[in-house]
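Work through the exercises below with the sequence and the 3D view side by side. Try each task before reading its solution.

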Amino acid sequence: MESSNAMSSLSSLPKPIFLTTNCRQRTTRNFKPLMHLSYQKFINFAVDETKRRTQLAPSPLQHKYNSLIAMDEKTEIQMLSFQAPKIRLLRSLSVQNNEMTQVLDFGVFPTLEFDLPIFCANFFSSPNISIIVLDLNPLQDVINQTDYKDKYYKNIMHLGVKHSELLPWGGKLTSESLMLFSPIVIWSKFSPTDQKYDALYSAFVDYYMTWLDLMDEVADNNDPSQIIINREAQHRYLTWRSEKDPGHALMRKLVGEDRAKDLIRNFLFNGLDELGNRTFLDYFPDYRCDDGSVNNKRSMIGKSFESRPWNESGEFIGNNFE
Ligand code: BLA
């Protein structure tokens, strides 16, 4: 229900007129202030805090991916990317349309020596609805692999309990997404209000500080077999999200098919070409059509989990995929 509302507010976007990758080219344009909700504060906090904790350097991607004006001429897309000794890629993409849409896709991918979770903040807001995913996405299966789950999540379960009070479970979602979520995931949908915005910022700060603490604490693991495991886990994650992420339809509407494909593959989920060569169907064979192509449904199982499928101690309690 909500998803069709979210998408219908986008259907008025007109056809392509203007597109640039250089932010300086648009400085003479007169952009009105955005609706008061903005995710810029989140990005500033994360970048400043990361700089305080590690040597953050611009990523080679920054040169090509920095700023775009969408085809409607009024939606701005800003991109930032960095790297650091323990960070393969920190990247942020934000979409700001002063009339209706604010989006943040902020992710941090560890270097391959570390099996650290992936920091994931994906927020979509229109005037009627905000759709939120905030998590430290696990690199390993946290439903069956308790050693990995205990290593990273046992001591931080309180975060999920605390922040899901004001940002409660958003109801049924694409069931396959659960394989990428941790027991502390915040998945929520609500009407945007100042109170929710503040709650989200507070959760973002807590989750991000926690990720940075994990980064500080994690020890190098130069065991080649562990690095291979970490590489494949990141590659599988990137493969899933680059093919099935729910934001793709909006990206295509904003910047067109080719540009969206490039942003998704080479910026948002960078590493697809470098970290492995298995295909989507190698990892997710259930999506194979009879003719060998990838089923374009987002979910083969459908939507599940009306309520939070993790209990407060991090046990998975959502056995019913219905
Ligand atoms: C909807 N985004 C959603 C939903 C989820 C996510 C769970 C609800 C629909 C569903 O059940 O799939 C987010 N899903 C995730 C994330 C992971 C996942 C982060 O598996 C990763 C592990 N959202 C964005 C961006 C855009 C965006 C960048 O993060 C747009 C550029 C838009 N998300 C967006 C829109 C919807 C949505 C428009 C509603 C449309 C829909 O449900 O299809």
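The exercises go from the whole chain to a strand, a helix and some charged pairs.

This is a predicted model, in which local features need pLDDT of at least 70, side-chain atom pairs count only at pLDDT 80 or more, and totals for chains, interfaces and linings use all residues. Residues are numbered from 1 along each chain as its sequence is written, and side-chain values use heavy atoms, with hydrogens and water left out.

**Exercise 1. Describe the protein as a whole.**

Solution.
- Step 1: take the secondary structure. The protein has 10 helices and 10 strands. These are DSSP runs, numbered from the N terminus: helices are H or I with at least four residues, strands are E with at least two.
- Step 2: take burial. Of 322 residues, 55% count as buried. Buried means under 20% relative accessible area, exposed over 50%, and partly exposed in between (1.4 Å probe, protein chains only).
- Step 3: take the contacts, meaning heavy atoms within 4.5 Å. Among contacts between residues at least 6 apart in sequence, 69% join residues at least 24 apart.
- Step 4: take the surface. The accessible surface is about 15,000 Å², and carbon and sulfur atoms hold 49% of it. The areas come from the Shrake-Rupley method with a 1.4 Å probe.

**Exercise 2. Place strand β6 among its partners.**

Solution.
- Step 1: check its cover. β6 spans residues 118-125, and eight of its eight residues are buried.
- Step 2: split the strand by side. Ile118, Cys120, Asn122 and Phe124 are buried on one side. Phe119, Ala121, Phe123 and Ser125 are buried on the other.
- Step 3: find the partners. Two strands pair if DSSP finds at least two bridges between them. β5 (residues 102-110) runs antiparallel to β6, with seven bridges joining them. Val108 has Phe119 as its bridge partner in β6.
- Step 4: turn to β7. It pairs with β6 over eight bridges, also in the antiparallel sense. Here Ala121 stands opposite Leu134. Four residues lie between β6 and β7 in their hairpin.

**Exercise 3. Which residues of helix α3 are buried, and what covers them?**

Solution.
- Step 1: list the residues. In α3 (residues 146-153), Tyr148, Lys149, Tyr152 and Tyr153 are buried.
- Step 2: look down the axis. The buried residues fall within an arc of 100°, so they line one face of α3. The arc is that of the directions from the helix axis to the C-beta atoms.
- Step 3: find the cover. It includes β7 (130-137), α4 (157-166) and α5 (194-217).

**Exercise 4. Follow the salt bridges.**

Solution.
- Step 1: fix the rule. A side-chain nitrogen of Lys or Arg must lie within 4 Å of a carboxyl oxygen of Asp or Glu. The whole structure yields 11 such bridges.
- Step 2: take Asp213 and Arg53. Their closest N and O atoms are 2.4 Å apart. Asp213 sits in α5 and Arg53 in α2 (residues 40-53), 160 residues apart. Asp213 is partly exposed at 35% relative accessible area, and Arg53 is partly exposed at 21%.
- Step 3: widen the view. Glu49, Arg52, Arg53, Asp213 and Asp216 are linked in a salt-bridge network.
- Step 4: take Asp262 and Lys64, at 3.6 Å from N to O. Asp262 is in α8 (residues 257-268), while Lys64 is in the loop between β1 (57-58) and β2 (67-69), 198 residues apart. Asp262 counts as buried at 16%, whereas Lys64 is partly exposed at 47%.
- Step 5: take Asp245 and Arg241, bridged at 2.9 Å. Asp245 is buried at 13%, and Arg241 is buried at 6%.
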